[in-house]
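Work through the exercises below with the coordinates open. Try each task before reading its solution.

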Amino acid sequence: MRRAPTQKRSRERVENILNAACELISVQGSDLMKMGELAERAGVSIGSLYQYFPDKAAIIHALADRYNAESRHCIEHGLGVVTSADALVPAFERLVDIYYELFLAEPVICDIWSGTQADKTLRDMELEVSRSHADFLCQTIFRLAPAARAHKEDIAARCLLIMYMCESTMRLAISVSRDEGKRVVAGYKAMTRRELEAMLNL
């Protein structure tokens with residue numbers, strides 16, 4: 001963002017702009033979204049829009065930030081309540097199912113992902129989010145199976161792979177038919193189940 005909102009009214013204006021962007025992207029995709037059209041939909045002047053977002057890429061980045069924050073909250077809540085090693089795999093699989101349904105329901109996320117391939121900032125953001133999620137998964141494993149700390153670096157790498165593969169799995173699953181997508185997600189869950197069980201028993 002060009003200027004971070006500090007006052008409540010400014011924050012509400014930015015949120016309104018992002019909501020309007022979601023509406024436009026869900027209908028026509030980000031490629032066809034025009035800044036003037038967005039300003040009109042959000043009920044702000046084009047000058048006000050440019051005050052906060054210098055271009056369309058800045059809007060996509062802000063939307064990515066918003067969805068990444070939601071995913072972090074989802075993972076921290078879903079894994080934070082797990083109290084036993086036996087409960088970790090079912091809890092993680094529930095998160096995967098929730099994630100899949102969320103991405104099916106939100107066309108904007110698909111659009112952000114398509115832009116990730118050509119935008120280094122979005123690629124770096126995706127990797128950073130995967131690292132953050134992986135660190136939380138790591139700490140959850142160490143909390144449930146303290147002996148696993150002896151393999152800290154190995155587990156950190158495997159958790160990063162699990163979380164990065166989750167993003168890739170969802171990208172693939174929403175690109176194919178619903179039936180095939182379900183099978184792709186089921187395959188990811190089966191692979192992840194074996195990895196999690198192995199790490200918990202190191």
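The exercises cover aromatic pairing and salt bridges in this predicted model.

**Exercise 1. The aromatic pair**

Task: Classify the geometry of the ring pair formed by Tyr 99 and Phe 103.

Solution:
- Start with the count: the structure holds one aromatic pair.
- Its partners are Tyr 99 and Phe 103, with 4.6 Å centre to centre.
- Rings pair if their centres lie within 6.5 Å, so a distance cut-off is applied before the angle.
- The planes of Tyr 99 and Phe 103 make an angle of 55°, and the pair is tilted.
- Now place the pair: Tyr 99 and Phe 103 sit four residues apart in helix α5 (residues 85–105), separated by about one helical turn.

**Exercise 2. Burial of the rings**

Task: Decide whether Tyr 99 is buried or exposed, then do the same for Phe 103.

Solution:
- Buried means under 20% relative accessible area.
- Tyr 99 has 9% relative accessibility, so it counts as buried.
- Phe 103 has a relative accessible area of 5%, and is buried too.

**Exercise 3. A bridge between helices**

Task: Find which parts of the chain are tied together by the salt bridge of Arg 178 with Glu 101.

Solution:
- The closest N and O atoms of Arg 178 and Glu 101 are 3.1 Å apart, and the two form a salt bridge.
- Arg 178 belongs to helix α9 (residues 178–200) and Glu 101 to helix α5, so the bridge ties together parts 77 residues apart in sequence.
- Check exposure: Arg 178 is partly exposed at 41%, and Glu 101 is partly exposed at 40%.
- For the full tally, the count of salt bridges is nine.

**Exercise 4. A bridge within a helix**

Task: Describe the salt bridge of Asp 124 with Lys 120.

Solution:
- The closest N and O atoms here are 2.8 Å apart.
- Both residues lie in helix α7 (residues 120–144), four residues apart, or about one turn of the helix.
- Asp 124 is partly exposed at 41%, whereas Lys 120 counts as exposed at 51%.

**Exercise 5. A network**

Task: Which residues are joined into one network with Arg 158?

Solution:
- Begin with the bridge from Arg 158 to Asp 154, with the closest N and O atoms 2.9 Å apart.
- Arg 158 and Asp 154 are four residues apart in helix α8 (residues 152–173), about one helical turn.
- Arg 158 counts as buried at 19% relative accessibility, while Asp 154 is partly exposed at 39%.
- Salt bridges with shared partners join Asp 154, Arg 158 and Glu 195 into one network.

Notes: Residues are numbered from 1 along each chain as its sequence is written. This is a predicted model: local features need pLDDT of at least 70, side-chain atom pairs count only at pLDDT 80 or more; totals for chains, interfaces and linings use all residues. Side-chain values use heavy atoms; hydrogens and water are left out. Rings of Phe, Tyr and Trp (its six-membered ring) pair if their centres lie within 6.5 Å; planes under 30 degrees apart count as stacked, over 60 as edge-to-face and the rest as tilted. Helices (H or I, at least four residues) and strands (E, at least two) are DSSP runs, numbered from the N terminus. Buried means under 20% relative accessible area, exposed over 50%, partly exposed in between (1.4 Å probe, protein chains only). A salt bridge is a side-chain nitrogen of Lys or Arg within 4 Å of a carboxyl oxygen of Asp or Glu.
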